[in-house]
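Hi everyone, thanks for coming. I'd like to walk you through one protein today, so have a look at the screen and keep it open while I talk.

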Amino acid sequence: MSRFYATTPIYYANGKPHIGHAYCTTVTDAATRFHRLLGDETYFCTGTDEHGQKVQESAEKRGITPQQHVDELQASFRDLWPTLNIEPDQFIRTTEPRHKAVVQRALGQLFEDGLIEKRSFSGWYSTSAERFWTEKDLVDGRCPDTGQEVVWLEEANYFFLMSRFQKPLIEAIETGKMRILPANRANEVLGFLREPLLDLCISRPKSRLSWGIELPFDTDFVTYVWFDALLNYVTAIGGYGAEEDNKAALGDKAAPAGDAGSSFAAWWPNVCHFLGKDILTTHAVYWPTMLMALGLEPPRQYVVTGWWLMADTKMSKSLGNVVDPLSLKDKYGPEVLRWFLLREMAVGQDANFSEAALVKRNNTDLANDLGNLVQRTTAIVHKHFDSQVPALPEGREPSELVESAMALGDYLCGGETTFEETKSAQQIWPVAKTVDELKLHVTLADIMTLVQRLNQVLAQDQPFKTVKTDKDAARVTIYHVLEGIRFAANLLWPALPKTADAILARIGWGEGVLPLSEMSWGELPGGAAVPQGSGLFPRYKLEGDKKPGNQGEKKGGGKAKKASKPKAPEVHIENPIDYEQFMALDLRVGDVLAAEPVKKSKKLLRLEVSLGEMGMRQILAGVAEHLTPEQLVGSKIQVLTNLQPRKLMGMWSQGMMMLAETPEGALVPMRPDGNAPAGSKIA
Ligand code: ME8
């Protein structure tokens with residue numbers, strides 16, 4: 001797709017925005033930005049749905065006109081988006097004249113084409129529920145929803161002949177012309193379509209509802225709110241004669257026509273509708289049949305999202321600890337909320353919202369992995385390289401780990417490298433693939449693998465030490481880690497737009513975010529000034545946490561506090577880690593069953609190590625210059641078992657042997673003192 005038109009549902013202007021609205025709009029914003037990174041031209045619309053019974057009733061209760069009511073409420077949506085760093089190209093309201101004109105033209109055409117018919121309709125009408133029921137729906141002769149009285153009413157109404165489009169709709173879904181993601185939602189719609197599709201009542205008599213768009217062929221009626229609302233997707237890009245009106249209303253923010261002749265031709269049907277699972281039928285059944293009846297193509301893509309649940313019973317009004325999820329953006333900042341929403345929820349599935357989970361995401365992904373990486377790397381640049389990107393020295397090769405980070409960065413951006421090593425170990429995919437499938441949570445996890453890899457480079461190459469003994473070696477490492485940070489920030493821009501800009505500025509990159517096709521390792525200019533800056537993401541803990549590093553939310557909720565610094569430490573700790581990080585290490589006792597030198601390697605021994613019930617591991621240890629295979633076979637060692645597997649000399653190493661390095665440089669295996677069986681946990 002070279003053009004990507006993204007839409008959110010238009011939200012009812014009848015209440016304040018909540019986390020569900022924020023989620024759907026954040027996902028759409030991030031997906032649109034990813035498509036921009038992939039080189040697509042994009043247009044992103046959101047807005048408000050302003051007609052209907054509920055709006056009319058709420059306005060009456062408030063003693064104001066429905067127009068005053070929606071004017072007020074639409075602003076709370078419009079004003080929210082910039083505060084979440086969301087940048088829609090257009091905000092559309094269904095009460096705008098340009099939209100009313102489109103709805104009336106569409107209704108007029110369908111009526112002329114004989115696809116809207118007047119029929120008389122009778123049933124038990126419940127005034128309290130504002131709807132008809134059949135005889136068998138009633139409970140004790142009363143409305144099943146409200147328990148109130150019902151009256152027998154005969155009413156004439158207009159029907160859209162939706163049933164005629166059942167077959168073409170099934171075909172559009174089955175052939176993938178209308179792609180519904182995740183796939184189980186497509187099956188749900190097909191299941192619904194196994195029953196005969198009925199015609200759709202698309203009018204409401206004004207005697208019952210006046211707050212709507214009048215039918216152009218019968219002024220005693222207004223149109224059904226969904227018929228009106230769904231057409232916003234056409235109005236927004238200039239369909240049904242809206243192009244000139246859009247230009248007048250939106251100026252240069254109107255959808256561009258490009259070389260397509262008209263803005264509608266440019267953007268339709270390259271649309272991707274984002275919506276929640278509760279509004280699937282209206283979007284995937286009513287809407288495409290309306291489009292087909294109008295002679296238009298059905299939408300090309302849908303992304304159906306799940307719900308944020310508040311299953312945590314600790315959050316209840318009676319306990320007085322309800323947290324409004326949206327208020328967390330003020331407490332932690334919009335980038336942290338965006339990250340949590342995008343990373344925590346697998347697109348399409350439900351997820352639990354909790355402040356504790358948000359804090360944990362912040363602390364692990366943002367503060368520890370990303371923030372520390374930038375902080376530690378730039379600190380070395382300030383201390384040892386005159387606050388400038390170190391230029392690469394001639395004739396010094398980067399370490400194998402650096403090379404694997406380069407390959408990973410290239411692979412994520414869609415470069416030539418196949419990146420077999422990590423792909424097979426971790427199922428990493430290029431960004432283009434996971435974005436196409438709208439699995440943004442996977443995209444972000446894959447990008448974070450690059451961040452973790454860069455942290456491993458710092459831990460292994462130890463530039464903070466080598467800078468004192470072999471400055472060129474440190475130059476090579478730091479240059480490449482800065483390049484890796486540039487790649488990671490560029491790739492993370494769709495999720496963290498402001499943070500990405502800040503990081504790029506912090507590493508001396510002045511060109512801003514680039515399309516992935518223009519990403520090429522080694523472009524960061526040596527000598528570029530690296531400005532000073534403070535930490536990107538503070539760590540937080542919730543009040544009530546007892547154990548160090550435990551981010552769990554305790555009863556009663558709690559206010560977030562920046563983690564207080566330890567008071568006057570008595571010992572100097574370089575690169576301190578917290579308890580949580582320590583507990584993440586899975587150290588075990590291993591029995592060395594076999595050992596042999598690795599061909600063509602001076603340093604490596606290949607060990608076969610039993611971890612008891614955890615099975616056998618092959619470990620490549622860089623100890624051949626210090627220990628013989630005979631010294632190891634039959635002995636017990638300590639093994640770090642959950643380090644990412646690495647390929648060395650064409651073989652996988654599936655763990656790390658713990659060794660003490662003496663001041664003289666000898667390597668001494670760490671052995672349990674006593675008989676601990678293989679697999680025993682060390683902590
Ligand atoms: O349905 N988690 O508007 P709306 C995630 N006006 N998403 C949630 C959610 C939650 N807890 N609660 C609601 C409308 N949503 C119509 C749309 S479009 C032509 C007309 C999502 O204000 C829900 O799934 O009720 C839906 O996508 C949107 O918020 C509903 O917004």
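Let's warm up with a small puzzle: which residue in E21 does Arg606 stand opposite? It's Leu620. Before I say more about that corner, please keep in mind that what you see is a predicted model.

Okay, back to the puzzle. Strand E20 covers residues 605-610 and strand E21 covers residues 616-621, and the two run antiparallel, joined by six bridges. Together they make a hairpin with five residues between the strands. Look at Gly612 in that hairpin: its phi is positive, near 65 degrees.

Now let's zoom out. The protein chain has 683 residues, and 52% of them count as buried. You can pick out 24 helices and 28 strands in the chain. If you follow the C-alpha trace along its principal axes, the chain spans about 95 × 60 × 50 Å. The chain exposes about 31100 Å², and 51% of that comes from carbon and sulfur atoms.

Here's a number I like. Take the contacts between residues at least 6 apart in sequence: 72% of those join residues at least 24 apart.

For a single example of sequence and space telling separate stories, go to Ile279. You'll find Ile279 in the loop between E13 and helix H12, which is 280-293. Pro9 is 270 residues away from Ile279 in sequence, yet their C-alpha atoms are 8.9 Å apart in space. Setting aside neighbours within four places in sequence, Ile279 is in contact with Pro9 and Trp226. Is Ile279 buried or exposed? Its relative accessibility is 16%, so it counts as buried, the cut-off being under 20%.

Next, the ligand. How many residues surround the ligand? There are 20, and the closest are Ile10, Asp49, Gly276, Asp278 and Trp308. Sorted by type, the shell has 12 nonpolar residues, six polar ones and two charged ones.

Let's look at some polar atoms there. A polar side-chain atom of His21 sits 2.9 Å from an oxygen atom of the ligand. For Gly276 the distance to a ligand oxygen is also 2.9 Å, but here the protein atom is a backbone N or O. And Tyr12 has a polar backbone atom 3.0 Å from a ligand oxygen. On its own the ligand has 670 Å² of accessible area, and the protein covers 89% of that.

So where does that shell come from along the chain? The elements giving two or more residues to it are strand E2 (11-12), helix H1 (19-37), helix H8 (225-230) and strand E13 (271-276). H8 gives the most, with three residues.

Let's move on to some sheets. One is an open sheet of four strands, in the order E6-E5-E7-E9, with antiparallel pairing. Its edge strands are E6 (131-133) and E9 (200-201), and each of them pairs on one side only. Strand E7, residues 151-160, is joined to E9 by two bridges. If you want to find that spot on your screen, look for Phe160, which stands opposite Leu200 in E9.

There's also an open sheet of three strands, with the order E10-E12-E11, again antiparallel. At its edges are E10 (203-205) and E11 (214-215), each pairing on one side only. E10 pairs with strand E12, residues 218-223, over three bridges. One pair to look for is Pro205 and its bridge partner in E12, Phe221.

Two more stops and then I'm done. Why do we say helix H14 is largely enclosed by the rest of the structure? Because nine of its 11 residues, which run from 334 to 344, are buried. Among those buried residues you'll see Trp339 and Phe340, but also Glu335, Arg338 and Arg343.

Last stop: Asn246, which sits in helix H10, residues 243-250. Asn246 has 2% relative accessibility, so it counts as buried. Apart from its neighbours within four places in sequence, Asn246 is in contact with Arg98, Thr235, Ala236, Ile237, Gly238, Gly251 and Ala254. Try clicking through that list yourselves.

That's my tour. Thanks for listening!

Notes. Residues are numbered from 1 along each chain as its sequence is written. This is a predicted model: local features need pLDDT of at least 70, side-chain atom pairs count only at pLDDT 80 or more; totals for chains, interfaces and linings use all residues. Side-chain values use heavy atoms; hydrogens and water are left out. Buried means under 20% relative accessible area, exposed over 50%, partly exposed in between (1.4 Å probe, protein chains only). Contact means heavy atoms within 4.5 Å. A residue is near a molecule or strand if one of its heavy atoms lies within 4 Å of it. A polar contact is a pair of N or O atoms within 3.5 Å; within protein, one must be able to donate a hydrogen and the other to accept it, and residues adjacent in sequence count only if both atoms are side-chain atoms. Accessible areas come from the Shrake-Rupley method with a 1.4 Å probe; for residues, only the protein chains shown count as cover. Ala, Val, Leu, Ile, Met, Phe, Trp, Tyr, Cys and Pro count as nonpolar, Asp, Glu, Lys and Arg as charged, and the others, Gly among them, as polar. Two strands pair if DSSP finds at least two bridges between them.
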